[in-house]
Amino acid sequence: MMATTNITGSGTQTTTFERLVCSPVWVGEFKQQSISFSAVNILLSITATLGNSLILVALHKESSLHPPSKLLYRCLATTDLLVGLVTHPLYATYWMSLVHEHWTLCRYAREASYITGFTLCGVSLFTMAAISVDRLLAMLLGLRYKEIVTLRRTYIILAIFWVVCLVAGLSSHLNYRITFWNTLISISSCLVISAASYAKIFRALSHHRAQIQDHAQQQPSRPNALNMARYRKAVYNALWVQLALIVCYVPQFTVRIVIFLSAKRFSNFFLIYGMAIVLMFFNSTLNPFLFCWKIIWVGEFKQQSISFSAVNILLSITAILGNSLILAALYKESSLHPPSKLLYRCLATTDLLVGLVTQPLYAAYWMSLVHEHWSLCRYSRDAVYISSYTLCSVSLSTLTAISVDRLLAKLLGLRYKEIVTLKRTYIILAIVWVVCLVTGLLSRLNYRITLWCTLIVTPSCLIISVVSYTKIFCALGHHQAQIQSHVQQQSSQLNALNMARYRKAVYNTLWVQLALVICYVPLFTVKIVIFLSTERFSNFFLIYGMATVLIFFNSTLNPFLYCWKISEVRRAVKQTIRQAICYA
């Protein structure tokens, strides 16, 4: 049943809700979700800090943007950086204080995160409105734009934004009703100003395009004052960032209105409220990618190279953190059969090495393209190819071994533990590692031989896995038919293999297998096209980079699949996180 709380009195709704979010009234139902929210905030804190630090460095070096415009983007990146450095850790502390029922810490963390979140989000919103007005003034003022929109005036305006938002944030807990109405008016005003600015801009751009099409006489000074193509691109870039902010902020704003107006509190409010907060602060992680994609001016493929480098750094961090947790959890987990656990540990180790070695090397490769360091480019490319070839081959072989292991567990029954031993599993994995490492080292000698080896080994592994799972599901179907027909089962067979648990284990491994296939197939296809095609389209560069990023994304995805589908691993991961937080 969904728990509800009735709250009467128009002045006490939100105050009571604020008390409830730091009390055991609802929180007891959502301890698991609180741990998840804490983990997500820690992850977003890392990505927001790294991403916005890179953007601030890039904007410091960027010289083609008008200084006041660049200052506005630097202000936006600074607020996002502070969200990662301050607000995310405070919210992670809040969620974990709920789990451990430290109510005093909960209230302090809640108030601190509310004040910093209110202040920084307010500055972001005002800055985005200022960017839209800046783009409009660039259109309307023409040559006078650089005289009127100066760096000094922009500094003064931003200082006013920071002071007003900081005072509003500090006083936000004195009277929630006044704060709510101030927020409602401020947000609505900012959105109206932005909408009006962009509406005027697009109307002016349409008028300009119509004049060109009709060959109307243009003022000779206007094209020199404003490069329309570049201006249009700058407007669309700013609009992308504005839309991202609106999409991330609207759910939290809506939840706030519902909390303020509603007299009944469903227990799911707590969950929806947490998800809306996470989405709002996700904007601080999203913005650096939008800046790399849309704002910073670089060459034709240099822009994509910077984006690929940033994505690889991000995925490197998530792969290292996720797979380190999984390895720690598997070390403590005792309910899994040791050979099966060893196979999962091998898979997590390859994913960890992808995050530690391959993705940093790949980020170095992309940045060497940007800075045109061709020697570094070649060395890092070769190192990436060797390490990725080795680790991806080990992952593919290990998943094939897992599928065979699940089949043997079904076919051998009681003899399974006698035949599938830890020693034999170690020997098989050692052979797999040696073969893949040697193949990886030899892969740069002859690309044609390497490709044909890949074309033979990859389908062979997939065929073995498909055959194994087909036999497993046939056996499970036969077993289900026997149960439905009330066929007598041997008691020893039933004791040897818990069918419900076995079926769940099979589905879990199948999810991991499918994720690998989905992530690997695009690059495998691109490799075949490159080998067979005689023409080289410029988009090959972009498609190849995206396919490579996808294959490495599998190393970040696997830990989430383990936690989602394998209950033993999920429990061990939660225990590891709790112990780490308590130790800290």
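N508 is buried, with a relative accessible area of 8%. Buried means under 20% relative accessible area, exposed over 50%, and partly exposed in between, using a 1.4 Å probe and protein chains only. This is a predicted model, where local features need pLDDT of at least 70, side-chain atom pairs count only at pLDDT 80 or more, and totals for chains, interfaces and linings use all residues. Residues are numbered from 1 along each chain as its sequence is written, and side-chain values use heavy atoms, leaving out hydrogens and water.

N508 sits in helix 19. Leaving aside residues up to four places away in sequence, N508 touches K565 and I566. A contact means heavy atoms within 4.5 Å.

V438 lies in helix 16. The two residues are set out below.

| Residue | Helix | Relative accessible area |
|---|---|---|
| N508 | helix 19 (residues 499-532) | 8%, buried |
| V438 | helix 16 (residues 422-442) | 44%, partly exposed |

V438 also belongs to a nonpolar surface patch with V434, L442 and L445. Together the four have about 400 Å² of accessible area. Patches take residues with over 30% relative accessible area and no salt bridge; like charges are joined within 9 Å, nonpolar side chains (Val, Leu, Ile, Met, Phe, Trp, Tyr) within 5 Å. A salt bridge is a side-chain nitrogen of Lys or Arg within 4 Å of a carboxyl oxygen of Asp or Glu.

Now the whole chain. It has 21 helices and two strands. These are DSSP runs numbered from the N terminus: helices are H or I, at least four residues, and strands are E, at least two. Of the 584 residues, 47% are buried. Accessible surface comes to about 29,300 Å², and 68% of that belongs to carbon and sulfur atoms. Areas come from the Shrake-Rupley method with a 1.4 Å probe; for residues, only the protein chains shown count as cover.
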